[in-house]
Amino acid sequence: QVQFEESGGGLVQAGGSLRLACAASGRNFNTYGMGWFRQAPGKEREFVAAIRWSGRRTNYADSMKDRFTISRDNAKNTVYLQMNSLKPEDTAVYYCAATTSGGAATEARLYDYWGQGTQVTVSS
């Protein structure tokens, strides 16, 4: 079982930046692919970004690939999401997730473990 501690969410003005962090417990973090997803009120959960266990491959949702950057530090069991040029439509609860497949999966159904989420609110 893997548990996550997410941090870095909050309130920011449009155009601002936030850096989310997701620290994982357990010994196998460096074998997991990691992803970030988000869910806005009244909407379905959507893919944001993912990174392979090695960090050598990443995937992004098209609408975010020029503004968001996913990275990981396996020595710290932590995955990050740097979010720049934030827009009000980025307001959502952001979740980190782990897939035991190790890849940079884009589909939520492929993830085995999920964090509790951190709220990001972007004001206009």
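**Exercise 1.** Over the face of which residue does Arg-19 lie, and at what distance from the ring centre?

*Solution.* The model is predicted: local features require pLDDT of at least 70, side-chain atom pairs count only at pLDDT 80 or more, and totals for chains, interfaces and linings use all residues. Residues are numbered from 1 along each chain as its sequence is written, and side-chain values use heavy atoms, with hydrogens and water left out.

Step 1. The criterion for a charge over a ring is that NZ of Lys or CZ of Arg lies within 6 Å of the ring centre and within 35 degrees of the ring normal.
Step 2. Arg-19 lies over the face of Tyr-80, 3.9 Å from the ring centre.
Step 3. A further case is Arg-45, whose charged end sits over the ring of Trp-114 at 4.6 Å from its centre.

**Exercise 2.** Characterise the aromatic pair formed by Phe-37 and Phe-47.

*Solution.*
Step 1. Rings of Phe, Tyr and Trp (its six-membered ring) pair if their centres lie within 6.5 Å; planes under 30 degrees apart count as stacked, over 60 as edge-to-face and the rest as tilted. The structure holds 5 aromatic pairs.
Step 2. For Phe-37 and Phe-47 the centres are 5.6 Å apart and the planes make an angle of 70°, giving an edge-to-face pair.
Step 3. Phe-37 belongs to strand 4 (residues 33-39) and Phe-47 to strand 5 (residues 46-51), so the pair ties together parts 10 residues apart in sequence. Strands here are DSSP runs of E with at least two residues, numbered from the N terminus.
Step 4. Both Phe-37 and Phe-47 are buried, where buried means under 20% relative accessible area (1.4 Å probe, protein chains only).
Step 5. Together with Tyr-111 and Trp-114, Phe-37 and Phe-47 form one aromatic cluster.

**Exercise 3.** Describe the surroundings of Arg-72 in strand 7.

*Solution.*
Step 1. Arg-72, within strand 7 (residues 68-73), is buried yet has no salt bridge; such a bridge needs a side-chain nitrogen of Lys or Arg within 4 Å of a carboxyl oxygen of Asp or Glu.
Step 2. The nearest side chain of opposite charge, Asp-73, is 8.2 Å away (Lys and Arg count as positive, Asp and Glu as negative; His and the chain ends are not counted).
Step 3. A polar contact of 2.7 Å joins the side chains of Arg-72 and Asn-74; the term denotes N or O atoms within 3.5 Å, one able to donate a hydrogen and the other to accept it, and residues adjacent in sequence count only if both atoms are side-chain atoms.
Step 4. A polar atom of the Arg-72 side chain also lies 3.1 Å from the backbone oxygen of Arg-52.

Notes: Helix = DSSP H or I, 4+ residues; strand = E, 2+ residues; numbered from the N terminus. Buried < 20%, exposed > 50% of the residue type's maximum accessible area, 1.4 Å probe, protein only.
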